[in-house]
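Dear colleague,

Here is the structure I promised to hand over, and below it you will find what I found when going through it. Please keep it open beside this message while you read.

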Amino acid sequence: MPSKPSGSSGSRQSGSNAGAAKPAAKPAVKPSAKPANNVRHVVPDKKAGDWKVNEPKKASPTAAAPTQKKAEVLAKQQVKNAGGGEVRIHGRDGKIRDSDTVKPGNESKTKDKKH
């Protein structure tokens, strides 16, 4: 009987997949800074005397509440249901006085001591 040569046998390669095509590298996907359209503004309604929750580029408010705090809670719930984002709270003068991120939005690395 002839003896088998030691090492590799014929065209078979052992160990690694030498000669096999390498999988194509996946393109880097850059995450967006914020989820689209997941921003709500809590603003005063001077005519009605209450607070409105507005979504940018929408004609009518998405919610209304008698107090700013209740409107803020409604806005945060809407953003949470939409997948996270930002709630911007305006003062009676109309200027933004606070902003809060609802997870899993684009949370800042710095510690938010207000919320």
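Strand β1, residues 39-45, pairs with strand β4, residues 85-90, in the parallel sense over 4 bridges, and within this pairing V39 stands opposite E86 of β4. Please bear in mind throughout that the model is a predicted one. β1 also pairs with β2, here in the antiparallel sense and over 5 bridges, and in that pairing V42 has V53 of β2 as its bridge partner. Between the two strands of this β1 and β2 hairpin there are 4 residues, and G49 takes a positive phi near 80° in it. As for the surroundings of β1, 7 of its 7 residues are buried, so the strand is largely enclosed by the rest of the structure.

The helix α1 comes next. It runs over residues 68-81, which is 14 residues, and it reaches 20 Å from its first C-alpha to its last, close to the 20 Å expected at 1.5 Å a residue. Which residues of α1 are buried? They are Q68, A71, E72, A75, Q78 and V79, and because they cover an arc of only 125° around the axis, they lie on the same side of α1. On the other side of the helix, K69, V73, K80 and N81 are exposed. The cover over the buried residues of α1 includes β1, β2, β3, β4 and β5, the last of these being residues 96-102. After α1 comes G83, which has a positive phi near 105°.

Some of these pieces meet again in the largest nonpolar core, which has 11 residues in all, namely V42, W51, V53, A63, A65, A71, A75, V79, V87, I89 and V102. At least two residues of this core come from each of β2, β3, α1 and β4, and α1 gives the most, with 3 residues. If you would like to look at one member of the core, V87 touches, apart from residues up to four places away in sequence, R40, V42, A75, K76, V79, D98, S99, D100 and V102.

In strand β2 you will also find D50. Is D50 buried or exposed? With a relative accessibility of 17%, D50 counts as buried, because the cut-off for buried is under 20%. Its side chain makes a polar contact with the side chain of K52, at 3.5 Å, and, leaving aside neighbours within four places in sequence, D50 is in contact with V43, P44, D45, A64, A65 and P66.

Finally, there is the loop between β2 and β3, where two residues deserve a look. K57 has its place in this loop, and it has a positive phi of about 70° although it is not a glycine. Most residues other than glycine have a negative phi. K57 counts as exposed, since its relative accessibility is 88%. P61 lies in the loop between β2 (50-54) and β3 (63-65) as well, but P61 is partly exposed, with a relative accessible area of 38%. Not counting residues up to four places away in sequence, P61 touches K52, V53 and N54, while the C-alpha atoms of P61 and W51, which are 10 residues apart along the chain, are separated by 9.8 Å.

With best wishes

Terms used:
Residues are numbered from 1 along each chain as its sequence is written. Side-chain values use heavy atoms; hydrogens and water are left out. Buried means under 20% relative accessible area, exposed over 50%, partly exposed in between (1.4 Å probe, protein chains only). Contact means heavy atoms within 4.5 Å. Two strands pair if DSSP finds at least two bridges between them. The expected span of a helix is 1.5 Å times one less than its number of residues. The arc is that of the directions from the helix axis to the C-beta atoms. A nonpolar core is a set of buried Ala, Val, Leu, Ile, Met, Phe, Trp, Tyr and Cys residues joined through side-chain atoms within 4.5 Å. A polar contact is a pair of N or O atoms within 3.5 Å; within protein, one must be able to donate a hydrogen and the other to accept it, and residues adjacent in sequence count only if both atoms are side-chain atoms.
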